[in-house]
Amino acid sequence: MARPEQILVLEPQHELKFRGPFTDVVTATLKLTNPTDRNVCFKVKTTAPRRYCVRPNSGIIDAGNSVNVSVMLQPFDYDPNEKSKHKFMVQSLLAPYDMTDMEGVWKEAKPEELMDSKLRCAFEMPLENDKTHESESNQTISSSTSSVKTEHSVLPKSASASLDDGEVKKIMEECKRLQMEVQRLREENKQIREDDGLRKRKVTSVAASHSSGMATSAVRDEGLSTRVLAICVLLFVIGVIIGKLAL
């Protein structure tokens, strides 16, 4: 028994085009539309599953709605002499009214209930005219960017030239105030140094006076001892003389 015709509307219908360069991921969009009044289950399959990433690769399209499927071609070394043999197939079936498990629906589906559409893949490189147009566009963008930068660089000059006399006076007063503040700090620093020197001299003077006092006391003590000794000797001599006279 022949399978029923595809009830989903595919855009594009027969061919997915991937436009290089292919040094990075290239994405093509497949639009699936459900024009019926029933929900429809769908699956997207490919003959080269390692070369493509499909999101979403399955699901349900509500009645009267559409789904965009992103088909992402992975980077590869492009050979213009090699024709692409990759193909895609979109399978669909009417969703049961009491559906709870979509995977179970696919497993239990009969062959005569399945509908499918096939699409081939085509790889294209940008034409020389397109490259020239892109190059011109890039040059236009870069020139626009440079002009914007030039305008920005000119702005500070015009702004500085537009300073009025009042602002210049304020700047001069601020500079004068800063100079006075620096001078004040220098004087304070000088005063601190002088006070520090005076304090050191006082400490040295006190230490010297204390040492001289100790020396004077020692001399006085030494002189007193000498006098006592002399008096004792004198008294001894007087006592000897008196003793001889008494005899």
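## Two faces of strand E7

Buried means under 20% relative accessible area, and with that cut-off in hand the two sides of one strand in this predicted model can be told apart. Strand E7 has a covered face made up of Val67, Val69, Val71 and Leu73, while Ser66, Asn68, Ser70 and Met72 form its uncovered face. In a regular strand the side chains alternate between the two faces of the sheet.

E7 has two pairing partners described here, E3 and E5, and runs antiparallel to E3 over 8 bridges and antiparallel to E5 over 4 bridges. Residues of the uncovered face take part in both pairings: Ser70 is the bridge partner of Thr29, and Met72 stands opposite Cys53.

## Overall composition and confidence

The chain holds 3 helices and 9 strands, and from the N terminus on its elements follow the order β-β-β-β-β-β-β-β-α-β-α-α. Of its 247 residues, 20% are buried, and the accessible surface comes to about 19000 Å², with 57% of that area belonging to carbon and sulfur atoms. Among the contacts with a separation of 6 or more, 71% are made by residues 24 or more positions apart.

The mean pLDDT of the chain is 78, and 69% of the residues reach 70 or more. Over residues 147–162 the pLDDT stays under 50, and for this stretch the model has 0 contacts beyond four places in sequence.

## The nonpolar cores

The largest nonpolar core has 26 residues, and those with the most contacts inside it are Phe18, Tyr52 and Val69. The elements that give two or more residues to this core are the strands E2 (15–19), E3 (26–33), E4 (40–46), E5 (52–55), E7 (66–73), E8 (87–94) and E9 (115–124). A second, separate core has 8 residues, including Leu93, Ala95, Ala109 and Leu114. In soluble globular proteins, nonpolar side chains tend to be buried together.

Val69, which belongs to the covered face of E7, can be followed further through its contacts. Leaving aside residues up to four places away in sequence, Val69 touches Ala28, Thr29, Leu30 and Leu32, and also Phe42, Val44, Val54, Arg55 and Pro56.

## The five-stranded open sheet

An open sheet is formed by 5 strands in the order E2-E9-E8-E4-E6, with mixed pairing. E2 and strand E6 (58–61) stand at the edges with a single partner strand each, so one side of each is left without a neighbour in the sheet. Neighbouring strands of this sheet are turned against each other by 25 degrees on average, when direction is ignored.

At the E6 edge, E4 and E6 pair in the antiparallel sense over 4 bridges, and Phe42 stands opposite Gly59 in E6. Phe42 is also one of the residues that Val69 touches.

## Two cis peptide bonds

Most residues other than glycine have a negative phi, and most peptide bonds are trans. Against that background, the model places a cis peptide bond between Glu11 and Pro12, with omega at about 0 degrees, and another between Gly20 and Pro21, with omega at about 5 degrees.

Both prolines can be located relative to E2: Pro12 lies in the loop between strand E1 (9–11) and E2, whereas Pro21 lies in the loop between E2 and E3.

Note on methods
Residues numbered from 1 in each chain as written. Predicted model: local features only at pLDDT ≥ 70, side-chain atom pairs only at ≥ 80, totals over all residues. Heavy atoms only, no water. Core = buried A, V, L, I, M, F, W, Y, C linked by side-chain atoms within 4.5 Å. Buried < 20%, exposed > 50% of the residue type's maximum accessible area, 1.4 Å probe, protein only. Contact = heavy atoms within 4.5 Å. Pairing = 2+ DSSP bridges. Axes fitted to C-alpha atoms, helices over the stretch in contact; angles between N-to-C directions. pLDDT = per-residue confidence, 0-100. Areas by Shrake-Rupley, 256 points an atom, 1.4 Å probe, with all protein chains shown as cover.
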